[in-house]
Amino acid sequence: MTLTRRLLLLAVISVLPAIVIWTYTEVSLRRAREAEVSELAIRQAQLVDAEIERIFDGIHSLLLAVDESPSIRSFDTAACSSYMKAIQEKVPYVLSFVAMDISGHVRCRPTGTVDTKHYFADRSYFHQALGEKDLVVGDYTPVFEEGALAPHPVLPLALPIWNDRGDVVGVLAAALDLKWLGQKLKERTVPGDGSLTVADRRGIVIVQNPNPERLIGKLLPPEYMRQAKAKGLGTEEITSFDGIRRIIGYIPIAMPPHDIYINVGLSTKTAFASINQAARRGFMLIAAALVLALSLSALLSRAFITKPFELVTDGIRAWRQGDYQARIDLPGKSGEFGILARAFNDLMDDVAERQKALQASEERARLALEAGHMGTWWFDPNKNVGGWSTQAATMLGLAHHTETMDNKYWLEILHPEDLDRVIQKWYDAVKDHGDYQDEYRIRLPNGSLRWINSKGRVFYDIQRRPAYFIGIFQDITEQKHAEEQQRFFLDELNHRVKNTLTTVQSIASQTLRTTESPTQFKEAFEGRLLALSKTHNLLTRKSWREAELRDVAEQELAPYRKQGDDRVVLTGPDVRLPARYAINLGLVLHELVTNAAKYGALSTNSGLLDVSWSVVENEGHPDQLRISWTERGGPAVAPPKRQGFGSRLIRRSIEGELGGLMVLNFAEGGVSYDISVPLAHTSSAAA
């Protein structure tokens, strides 16, 4: 880290306590305010609950008063309907009153009509009122049909009707206007940027603010439904439907007395406005103090640190660029920098003298290396950096300016197979305090390989630790290639001679066992040697790499094919056979031709021979060479009683040496062979 940065860091550290205190205060205030707002949200929810309770109590008292009317208890339609109409006009937030008998027929309502055709005993509040015999709050109802009202959201409240004997004879219901209820609660209990949601026991929203049209009459969203099913009061911070972040205080359905869910939301932006404003002021003050401290530190560092340091580094940079006459000139009162500058100037006076002698020595060494086509290399184990001379870089195919590199790059260009051995040689040289010598391969940027002969020496410091490596490179790639080529030719010659002698020995041994006289042995042995020789001649012309299948077949059948004679037909594409395939198929064709000339189609003037082949390509598997040998028009054939050497040679060559398959058919018209062998590397073209 530079001195300037250290000075700036000290300035930052000086402001750090103020930042810590400000952060602690901010967090404490926010936590306290969050607890305060959460408590306020619950109080607001309780206020809404109290307001709803007040409204329900008022309706309850009103229903009790109506229930005492004799016209209601006796279901006197004319009297009770006019009575209900008069009461309904005085309480506009109740849209209708309805008196139903025990069967659920409407007997009284403000419109003065009676509905005995429809039964409303299926209403939930009807059953609850009869069961609980007290005031009950029903569920959200979009259309209050029993009150003959147009579609309008209401909340029914019901009370049983008793006769003079104390028997329940019906149900008295009132339809509370939910639009009025939502507006009333908003005016009395909800702040300007707050939210309010009220739902019935089923989770259907009956009051919503803001955006009532989005939720009223619909099931609570999952996050609200989770609150509605809670066991007690609680708070939660969520994002409302209008995109405002709020702290929600809620009362779940399970809380008495009316089985409704209430939540009130307070905007966090408004709740934390004063704290956020104070936090911004504190942050601006701290930022201003930090900027002032950094500015003063930067000005002081420029005058007393950066400028003298730049003068020192400029002088050192000039020396590195070869200007050994440059000197560091600082003012007289530069303190420690002045002492450092004088020490550097004295050092460079000595270096300039030694540099002259060193340049002369290096020039002599360079001329010697160029004459010997070599280059020098060096390595510093303490810095883990090495490099080579310009001559070595040119010899290795690198750019002329590439004279240094790190140890990692050098290990990357070493051939992986030589890497461990090269490193071990270095360690051995250091351990034995001796010279270093090794031969290894490197990979050049263009992908080619080079063989390097490297010699060097290890130099040690006064503690006998390795301090420096230096040595020379010599490119021995051409020498290695010549050695490898010579070794390859010797190995190839040795291999081919062994294979040929083994084949000749096998042919002689098998021929001797299957012939009855020296004359027959001579004829069969010479024929097979001649076939082997012909195949060798074909391979010799191609440097023993490959031979054409057509050339092998034509040379074996040449004695039996005359100009203009169609007795022998060869058809098939051009197929280049590796040496092993050519030798084995040459012997097979020789045996087939010999058998045809002695016993088959070529033994008569009317016989015909058809030899065809093709290459079948198999995706994911080796291609298959198919050869068909078909004889017609010769003497009648029959399966032999014993298998001779020729037949065994054919089968061993196809199925043993080449891993193929052979099918022999002794048809009435002539013998036929179907041969199939896999080809690992072939190149074919249409005939």
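Gly 217 counts as partly exposed, because its relative accessibility is 31% (buried means under 20% relative accessible area, exposed over 50%, and partly exposed in between, with a 1.4 Å probe and protein chains only). Gly 217 sits in the loop between β7 (205-209) and α6 (222-228). Helices here are DSSP runs of H or I with at least four residues, strands are runs of E with at least two, and both are numbered from the N terminus. Setting aside neighbours within four places in sequence, Gly 217 is in contact with Tyr 140, Ile 204 and Val 205, where contact means heavy atoms within 4.5 Å. Ala 199 is 18 residues from Gly 217 in sequence, and the two are 9.0 Å apart in space, C-alpha to C-alpha.

A word on what you're looking at: this is a predicted model, in which local features need pLDDT of at least 70 and side-chain atom pairs count only at pLDDT 80 or more, while totals for chains, interfaces and linings use all residues. Residues are numbered from 1 along each chain as its sequence is written, and side-chain values use heavy atoms, with hydrogens and water left out.

That same loop between β7 and α6 also holds Pro 210. A cis peptide bond, with omega of about 0 degrees, links Asn 209 to Pro 210. For background, most peptide bonds are trans, and most residues other than glycine have a negative phi. Two residues with a positive phi are set out here.

| Residue | Phi | Loop | Relative accessibility |
|---|---|---|---|
| Phe 75 | near 55 degrees | between α2 (70-73) and α3 | 12%, buried |
| Ala 148 | about 55 degrees | between β3 and β4 | 43%, partly exposed |

Now for the sheet. It is an open one with 5 strands in the order β2-β1-β5-β4-β3, and the pairing is antiparallel (two strands pair if DSSP finds at least two bridges between them). β2 (106-108) and β3 (136-137) are at the edges with a single partner strand each, so one side of each has no neighbour in the sheet. Strand β1 (residues 94-101) pairs with β2 over 2 bridges, and Ala 99 has Cys 108 in β2 as its bridge partner.

Helix α3 (residues 77-90) lies across β1, β2 and β5 (168-177), at about 155 degrees to β1. Such angles run from 0 to 180 degrees between N-to-C directions, and axes are lines fitted to C-alpha atoms, for helices over the stretch in contact. Helix α4 (residues 124-132) packs on the sheet too, touching β1, β3, β4 (154-162) and β5, and makes about 130 degrees with β5.

What joins Cys 80 to Cys 108? A disulfide does, with an S to S distance of 1.7 Å (a disulfide is a pair of cysteine sulfur atoms within 2.5 Å). A search of the whole structure finds 1 disulfide. Cys 80 belongs to helix α3 and Cys 108 to strand β2, so the pair ties together parts that are 28 residues apart in sequence. The link is left-handed, with -85 degrees about the S-S bond. Cys 80 is buried at 0% relative accessible area, and Cys 108 is buried at 0% relative accessibility.

Gln 88 is in helix α3 as well. Gln 88 is buried, with a relative accessible area of 17%. Residues up to four places away in sequence aside, Gln 88 touches Val 94, Leu 95, Ser 96, Phe 97 and Pro 110.
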